[in-house]
Amino acid sequence: MITIREAQKDDAGQIAPLINIIFKEMELEELEDVPDPAVLKAITAAYQSEAYLSGAATTVVAEANGQVVGVAFGYPDENEQKVDQVLEDATSFSDVFADDPFGSDYEAFKNEWYLDSIVVDPKYQGMGIGGKLLEAIPEEAVEDDKSVVGLNVDFENPGAKALYDRHGFKTVGIKKIGDHWYFHMQREIQQQIFSVNRA
């Protein structure tokens, strides 16, 4: 059985290797010579912070048999700089990181709740977990007074783009992040759905 819930500080150690999958797919030049343990330590520190859990951002996890098998992480566009600062601070413990290794290009579009990261453990892919995480995101956006959810999907990841298409996301632009080009997609959300479900 899959449970979708907001992340807790104790989940950070299980979240880190999942988020690192995304960083590896992004092929960030600044991380090429950084050993995995250092990257995982920085990611773990970020996902233990209040800012990532329920402050500037929100982290939602999918849990199966007590194990975190999926993660969705996002924030209102106006919080992007605060969120970036958390990861920058988490890399400051070591000189193995290049200056600003995770990039500081703005990824979010204005007036949206930005889904920065979504990933499912490869062993659990094809079970609908990505879809369940996407279904949880609009509620987080509504809580942050946003009526649009946005995300970026790599040109080279048609499977992910198809998932977002199925969940009502529309391509509204393109963006270069690192060395990759991305479709920027958005979905308008129906705020009244959640006020009914919470009654």
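D154 is found in strand β5, which spans residues 148-154, and in this predicted model the residue is buried yet has no salt bridge. A search of the whole structure finds seven salt bridges, several of which are described below together with the surroundings of D154 and a nonpolar patch on the surface that includes W181.

**Surroundings of D154**

- The nearest side chain of opposite charge to D154 belongs to K176, which is 12 Å away, and D154 has no salt bridge because such a pairing requires a side-chain nitrogen of Lys or Arg within 4 Å of a carboxyl oxygen of Asp or Glu.
- The side chain of D154 does make a polar contact with the side chain of H180, at 2.6 Å.
- When residues up to four places away in sequence are left out of the count, D154 touches H180, W181 and Y182.

**The nonpolar surface patch**

- W181, one of the residues that D154 touches, is found in strand β7, which covers residues 180-188.
- Together with F155 and I174, W181 forms a nonpolar patch on the surface, and the three residues have about 310 Å² of accessible area together.
- W181 has a relative accessible area of 41% and is therefore classed as partly exposed, since that class lies between the buried limit of under 20% and the exposed limit of over 50%.

**Salt bridges**

- Side chains of opposite charge can pair when their charged atoms come close.
- K146 and E78 meet through their side chains in a salt bridge, with an N to O distance of 3.0 Å.
- This pair links distant parts of the chain, with K146 in the loop between α5 (129-143) and β5 and E78 in the loop between β3 (67-76) and α4 (80-91), 68 residues apart.
- K146 counts as buried because its relative accessibility is 9%.
- K123 forms a salt bridge with D121, in which the closest N and O atoms are 3.7 Å apart; K123 counts as exposed at 65% relative accessibility, whereas D121 is buried, with a relative accessible area of 7%.
- Within helix α6 (residues 158-166), D165 and K161 lie four residues apart, about one turn of the helix, and their side chains meet in a salt bridge of 3.5 Å, N to O.
- Of this helical pair, D165 counts as partly exposed at 38% relative accessibility, while K161 is buried, with a relative accessible area of 19%.
- R5, D11 and E63 are linked in a network of salt bridges.

Technical notes: Residues are numbered from 1 along each chain as its sequence is written. This is a predicted model: local features need pLDDT of at least 70, side-chain atom pairs count only at pLDDT 80 or more; totals for chains, interfaces and linings use all residues. Side-chain values use heavy atoms; hydrogens and water are left out. Patches are made of residues with over 30% relative accessible area and no salt bridge: like charges are joined within 9 Å, nonpolar side chains (Val, Leu, Ile, Met, Phe, Trp, Tyr) within 5 Å. Accessible areas come from the Shrake-Rupley method with a 1.4 Å probe; for residues, only the protein chains shown count as cover. Helices (H or I, at least four residues) and strands (E, at least two) are DSSP runs, numbered from the N terminus. Buried means under 20% relative accessible area, exposed over 50%, partly exposed in between (1.4 Å probe, protein chains only). Lys and Arg count as positive and Asp and Glu as negative; His and the chain ends are not counted. A polar contact is a pair of N or O atoms within 3.5 Å; within protein, one must be able to donate a hydrogen and the other to accept it, and residues adjacent in sequence count only if both atoms are side-chain atoms. Contact means heavy atoms within 4.5 Å.
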